[in-house]
Amino acid sequence: MIEVNNLVKKYGDKVAIDGLSFNIKEGEVVGLLGLNGAGKSTTMNCLTGYIAPTEGSIKIGGYDLLKDPNKAKKIIGYLPEIFSFYTDMRIVEYLDYVCDIKGFTKDKKARKEHIEAICQQTGISHLSGRMIRNLSKGYKQRVGFAQALIGNPKVIILDEPTVGLDPSQIIEIRQLIKDSGKESTVIVSSHILSEIQAICSRIILIHEGHIAFDGPIESIGKNITEGREVIVRVKGKREDVEAVLKSIPQIASFHHMEVKEPGCEDFTVEGKEGSDIRELLFKGFSEKGMTLLQLYGKEISLESTFLQLTGQERKGGEKK
C-alpha cells in the first residue's frame, strides 16, 4: 500500500532524512517513532505530500506521489498534530465542506449518510449540530479524526493523535485507531512509546535521518536482550555466587538484589554484546556444586529499548 524508496530530504546543507526505504502492507497499523530532530515529522510531511522530497520516491496505493499527486492524495486521510478548524462552522457543516475539498460525491443523500456514519464511528453524532468553537479538546480531536475518514481513505496518517487528551479520551482515540485499522492502512506518529505499544503491531524507528529499527513491536528488544540480561537465584552464600560470576569473562556486570528466599541470593546479570550467558551461568554454578534455582530473562521496557537503539541510554555501572 505504501512504498518508500531511498527517500532524502535536505534543508540547505542540513540532511533531515537520508535514504529511507520501507514498505507498508494493506491493513497494517504502523508506529513511526523518533526523537526530536530525528526526521520523523519530515517523513510524515513527505508521505502526505505536504513537502516534496529532495530525492527518492513515494507510492501510495500504487500511485506515485510526485508524478500523480491528486490520485495519491485522494486515498489519504490525514490528522496533523496541530489541526486548525473553521470554528464558526457546525460539525456537520465542516465535514460537508471537507467532502467538497476531497471531491467526495455530490449526491446529497449519499453524502449525508457518509457523514452520519463517520459521526457515529467517531462518537460525535450527538454533537453534530454544535459549533466547533464550543467543543472540548477531546471532541475537537474527534472531529479532526472524522475529517480524516471522509471518503473512506485507504491510508490514514495520524501525527501525535493523543497529545493533550485526558486518560479516558486517550483510550477512546486508541479504539478509533484500532477500528480504522480494520479497513485502512494506518501510520501513527508519536513520541509516547506506551501509545505505540497499545495501538501498533509494527514499529519504524527513525534516528538521525536513518531507520534504526523496522519490525514487529514484540521483537524490538529481542536482539538486544535475549540471553544477555537475566535474573538468577542461587542457593548459597553471596560471596560464593559473586566469585562464580566474576569468573565468567562474558559477563559485563552484575548487581545484587533483595533476598527473597532464605539461604538464596538473587542477582541481575548482564552479558557482553553478542553473548548468551544462560548456558555459561548454568555450567559455572554446576561446576562449583551450587544449585541454580531460577534463571529467567529480565523484562525490558519499550522505553529502555528505544534508548538503547538510539544510543541515548547512559552506560551502566562497572562490573563488580
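Let's start at Ser184, which sits in the loop between helix H6, residues 167-180, and strand E8, residues 185-189. Keep in mind as we go that this is a predicted model.

Is Ser184 buried or exposed? Its relative accessible area is 7%, and the cut-off for buried is under 20%, so Ser184 counts as buried. What does its side chain meet there? A polar atom of the Ser184 side chain lies 2.8 Å from the backbone oxygen of Pro153. Pro153 also turns up in the contact list: leaving out residues up to four places away in sequence, Ser184 touches Gly27, Glu28, Pro153, Lys154 and Ile156.

Now, from that loop to the other end of helix H6. Pro167 belongs to this helix. With a relative accessibility of 62%, and exposed meaning over 50%, Pro167 counts as exposed. If you'd like a long ruler across the model, try Pro167 and Asp68: they are 99 residues apart along the chain, and their C-alpha atoms are separated by 41 Å.

On to the interior. As a general point, nonpolar side chains in soluble globular proteins tend to be buried together. Here, the largest nonpolar core has 38 residues. Which residues have the most contacts inside it? They are Ile91, Leu95, Val143, Leu158, Ile177 and Val188. Helix H3, spanning residues 91-102, gives the most to this core, with 5 residues.

Let me pick out Ile91 for a moment. Again not counting residues up to four places away in sequence, Ile91 touches Ile124, Leu127, Ser128, Arg130, Ile132, Leu135 and Val143. Apart from the core we've just been looking at lies another one, of 24 residues, with Leu7, Ile17, Leu65 and Ile187 among them.

Last stop, the second largest pocket, which holds about 630 Å³ of space. There are 22 residues lining this pocket, and the closest to its centre are Tyr78, Phe83, Ile101, Lys102 and Gln147. Where does the lining come from? Helix H1 (40-47), helix H2 (69-74), strand E6 (76-79) and H3 each supply at least two residues. H3 makes the largest share of that lining, 5 residues, so please keep this helix on screen, as H3 is also the one that gives the most to the 38-residue core.

And the chemistry of the pocket wall? By class, the lining has 11 nonpolar, 7 polar and 4 charged residues.

That's my tour, and I'm happy to take questions!

Technical notes. Residues are numbered from 1 along each chain as its sequence is written. This is a predicted model: local features need pLDDT of at least 70, side-chain atom pairs count only at pLDDT 80 or more; totals for chains, interfaces and linings use all residues. Side-chain values use heavy atoms; hydrogens and water are left out. Helices (H or I, at least four residues) and strands (E, at least two) are DSSP runs, numbered from the N terminus. Buried means under 20% relative accessible area, exposed over 50%, partly exposed in between (1.4 Å probe, protein chains only). A polar contact is a pair of N or O atoms within 3.5 Å; within protein, one must be able to donate a hydrogen and the other to accept it, and residues adjacent in sequence count only if both atoms are side-chain atoms. Contact means heavy atoms within 4.5 Å. A nonpolar core is a set of buried Ala, Val, Leu, Ile, Met, Phe, Trp, Tyr and Cys residues joined through side-chain atoms within 4.5 Å. On a 1 Å grid over the protein atoms alone, a cavity is a set of points where a 1.4 Å probe fits but cannot get out, and a pocket is an open set with protein on both sides within 12 Å along at least five of seven lines; lining residues have an atom within 4 Å of a point. Grid points are joined across faces, edges and corners, and a volume is the space filled by probe spheres set on the points. Ala, Val, Leu, Ile, Met, Phe, Trp, Tyr, Cys and Pro count as nonpolar, Asp, Glu, Lys and Arg as charged, and the others, Gly among them, as polar.
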